[in-house]
Structure formats: C-alpha cells, structure tokens
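Open your viewer and get ready to click along. We will go from stop to stop, selecting a few residues at a time.

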Amino acid sequence: MKKFTFAAIVAIVALAASFSSCGNTPKANLKNDIDTVSYTIGMAQTQGLKDYLVNQLGVDTTYMDAFIKGLNEGANAGDNKKTAAYYAGIQIGQQISNQMVKGLNHELFGEDSTKTISMKNFLAGFIAGTTGKKQLMTMEEAGIIAQAKMQEIKAKEAEKQYGDNKAAGVKFLAENAKKEGVKTLPSGVQYKVIKEGSGEIPSDTSVVVVNYEGKTIDGTVFDSSYKNNEPVTFPANRVIKGWTEVLCHMPVGSVWEVYIPQELAYGERATQQIKPFSALIFKIELVSIKK
C-alpha cells in the first residue's frame, strides 16, 4: 500500500478548517475491501493530527464538532475553486489573528498586553499587497517604512520602560569625564590609558586581535575573553560603533578602559545581561592586527 504523508493530509485539513457551527460525523460501513481500505487509510493518517490542530493551528478541542463540519465541507467541495479560496482565506486569517498579530504585538510592545497594532489597517495593507489593488505605496516602500516605524515604536516603548537606565548612563558619563586621565573623543566615547602601546593603529577595515572584559556601569561583568584565556579576532567595523571608533585610535600593545554611551553601544536593544539604553565599560587590550 502506498504510504501517504502526514504533511499532505495536514495541508488538506488546514484548508478545510472553517471552524463554524456543529459538524456531522459520517458513519463507517465496511461492506467490502474498498470500504475497509478507505477507512483504515483515513484513520492511519490522523496520527499526530490532534496535536497539530491544538499546538500549530490553535484549535480548542471543545469545538471539534466545528472542525469536523469544516473538514466535511472542505473534503466534499471537490475542485470548487471558489470554496477552496474561501477556506484558504479562513486559514490565513486565523494565522494572522493567532500568530502574526500576537507576534508583532509582542515585538513592538513587549509584555504590555493593553497595546496592539490596528487589525483594520493590517488587513487593508495585507489585502492590497495580495491583490495588487489600491496600494498606497510599492511593496519595497512598505518594507522600508515598516522596518523604520517598528524601530521607532520599539525605541519609544523601550525608553518608557528603561528611561531611568538611560538617565543613569548620561549622569555616569558626565561625572566620569571629569576624572583624572579620562579623555573624550568627538563622538562622546571616553577612555583612560592603562598601558600605552607603540604599534600600528588599525583602520576600520582592519582585522584585529583583542582581549577584553565588558561590564555595565554598576560593575556587572557580562562578557570576557579572559575567561577562556584566549583573545578574539574580528574586523574592526563588525562591532558596536563605540568599539570601532576606539580601535581606530589605539596603537597595538595598548590597554585602555573605555566608556561607551548607549547610542554607540546597543541602544534600545537588550542583549545578555545588558538592559536597553545601557552605557558600557570595557577593558580593551589590542594584541595585534592580523595581516
């Protein structure tokens, strides 16, 4: 017997899932071999299907009758293209509601469940993009604007939550700039020479070999190459902006303590133990420039 794939049956079931009112389960009547093989193949293909419905499609098993009704309607629709299109719309619409919008809300607003994107405008854009009609902009423009606006919204939300952290960094750098031995570059990056090297100074395209330790202004160490007792190698322009600027001023052999404003570090992004808008402190040892 040819083995049907679960993926194939899932595709059919997903299109059939209209989730409307009560269903009607056909009764088996195994009068001959064809009846029997039909029933057994149908049953065999449902292995794992219930978990898929619950975990992937978000179906509440309380409403399995509704699922069965949609299943029957979809399976008996034959090649009716209008019906198939309708069921495809139902499926994608539910994915929008249960996955896309929830994911976007979490990305934009974090744990604040009181805020949401506009479903009306999301669907207006989604339909315009799908049909190619009444588009207010090109697809390329939409992608660029979406990325920029999402970044703006995320930054505003992060600043509401971590504004105190940003203010603490500004205060720290203002006080630190007055300390003996601390120098400030035009960008606002500060540094203090622990050991002055006499070697070559990298360009921003140089591949450098460094040892380092990074910590937040409260002294929490979040990363260190010294733990592995091995320096790291990377292009000088493939790190945060504050690092790139400092490296382009450091002679090989130098060890500096560097103080980086949040906007030249990770900004509104959180990473490892670093909160959004964190000013950072690094001990950087420029070991060599890789030729």
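Before the first selection, a word on labels: helices and strands are DSSP runs numbered from the N terminus, a helix (H or I) having at least four residues and a strand (E) at least two. What you are looking at is a predicted model.

**Stop 1: colour by confidence**

Start by colouring the chain by pLDDT. The protein averages 86, and 92% of its residues reach 70 or more. Among the elements, strand E6 has the highest mean, 98, while helix H1 (residues 6–16) has the lowest, 43. Now select residues 1–23: pLDDT stays under 50 there, although the model has 47 contacts beyond four places in sequence for this stretch. Where pLDDT is low, the predicted coordinates should not be read in detail.

**Stop 2: a nonpolar patch on the surface**

Next, show a surface and select Ile 92, Met 100, Met 119, Leu 123, Phe 126 and Ile 127. Together they make a nonpolar surface patch of about 460 Å². Which helices each supply at least two residues of the patch? They are H5 (81–109) and H6 (119–131). H6 gives the most, with four residues. Stay for a moment on Phe 126, which lies in H6. Its relative accessible area is 31%, so Phe 126 is partly exposed.

**Stop 3: salt bridges around helix H7**

Turn the surface off and show side chains as sticks. The structure holds six salt bridges, and three of them are worth a click.

- Select Glu 107 and Lys 154. Their side chains meet in a salt bridge, with 3.5 Å from N to O. Because Glu 107 lies in helix H5 and Lys 154 in helix H7, the pair ties together parts that are 47 residues apart in sequence. Glu 107 is partly exposed, at 42% relative accessibility, and Lys 154 is also partly exposed, at 26%.
- Select Glu 157 and Lys 115. This salt bridge has an N to O distance of 3.0 Å. The two residues are 42 apart and link distant parts of the chain, with Glu 157 in helix H7 and Lys 115 in the loop between H5 and H6. Glu 157 is buried, with a relative accessible area of 16%, whereas Lys 115 is partly exposed at 27%.
- Keep Glu 157 and add Lys 160. Here the closest N and O atoms are 3.7 Å apart. Glu 157 and Lys 160 are three residues apart in helix H7, so about one helical turn separates them. Is Lys 160 buried or exposed? With a relative accessible area of 60%, Lys 160 is exposed. Lys 115, Glu 157 and Lys 160 are joined into one network by salt bridges that share partners.

**Stop 4: aromatic pairs**

Now highlight the aromatic side chains. A search of the whole structure finds eight aromatic pairs. Select Phe 172 and Tyr 259: the ring centres are 6.3 Å apart and the planes stand at 55 degrees, so this pair is tilted. It links distant parts of the chain, 87 residues apart, with Phe 172 in helix H7 (residues 139–176) and Tyr 259 in strand E6 (residues 255–260). Both of these residues are buried.

Move on to Phe 222 and Phe 282. Their pair is edge-to-face, with 5.7 Å from centre to centre and 90 degrees between the planes. Phe 222 sits in strand E4 (residues 221–224) and Phe 282 in strand E7 (residues 280–290), 60 residues apart. Phe 222 and Phe 282 are both buried. Then add Tyr 212, Phe 234 and Trp 243 to the selection: ring pairs link these residues with Phe 222 and Phe 282 into a cluster.

**Stop 5: two loops**

Finish in the loops. Most residues other than glycine have a negative phi, and most peptide bonds are trans. Select Lys 134, in the loop between H6 and H7. The phi of Lys 134 is positive, near 55 degrees, and this residue is exposed at 80% relative accessibility.

Then select Asn 229, in the loop between E4 and E5. Asn 229 also has a positive phi near 55 degrees and is exposed, with a relative accessible area of 73%. Glu 230 is found in the loop between E4 and E5 (232–235) and counts as exposed at 52%. Leaving aside residues up to four places away in sequence, Glu 230 touches Asn 211 and Ser 225. For a last distance, draw a line from Glu 230 to Lys 81: the two are 149 residues apart in sequence and 63 Å apart in space, C-alpha to C-alpha.

Conventions:
Residues are numbered from 1 along each chain as its sequence is written. Side-chain values use heavy atoms; hydrogens and water are left out. Patches are made of residues with over 30% relative accessible area and no salt bridge: like charges are joined within 9 Å, nonpolar side chains (Val, Leu, Ile, Met, Phe, Trp, Tyr) within 5 Å. Accessible areas come from the Shrake-Rupley method with a 1.4 Å probe; for residues, only the protein chains shown count as cover. A salt bridge is a side-chain nitrogen of Lys or Arg within 4 Å of a carboxyl oxygen of Asp or Glu. Buried means under 20% relative accessible area, exposed over 50%, partly exposed in between (1.4 Å probe, protein chains only). Rings of Phe, Tyr and Trp (its six-membered ring) pair if their centres lie within 6.5 Å; planes under 30 degrees apart count as stacked, over 60 as edge-to-face and the rest as tilted. pLDDT is the predictor's confidence in each residue, from 0 to 100. Contact means heavy atoms within 4.5 Å.
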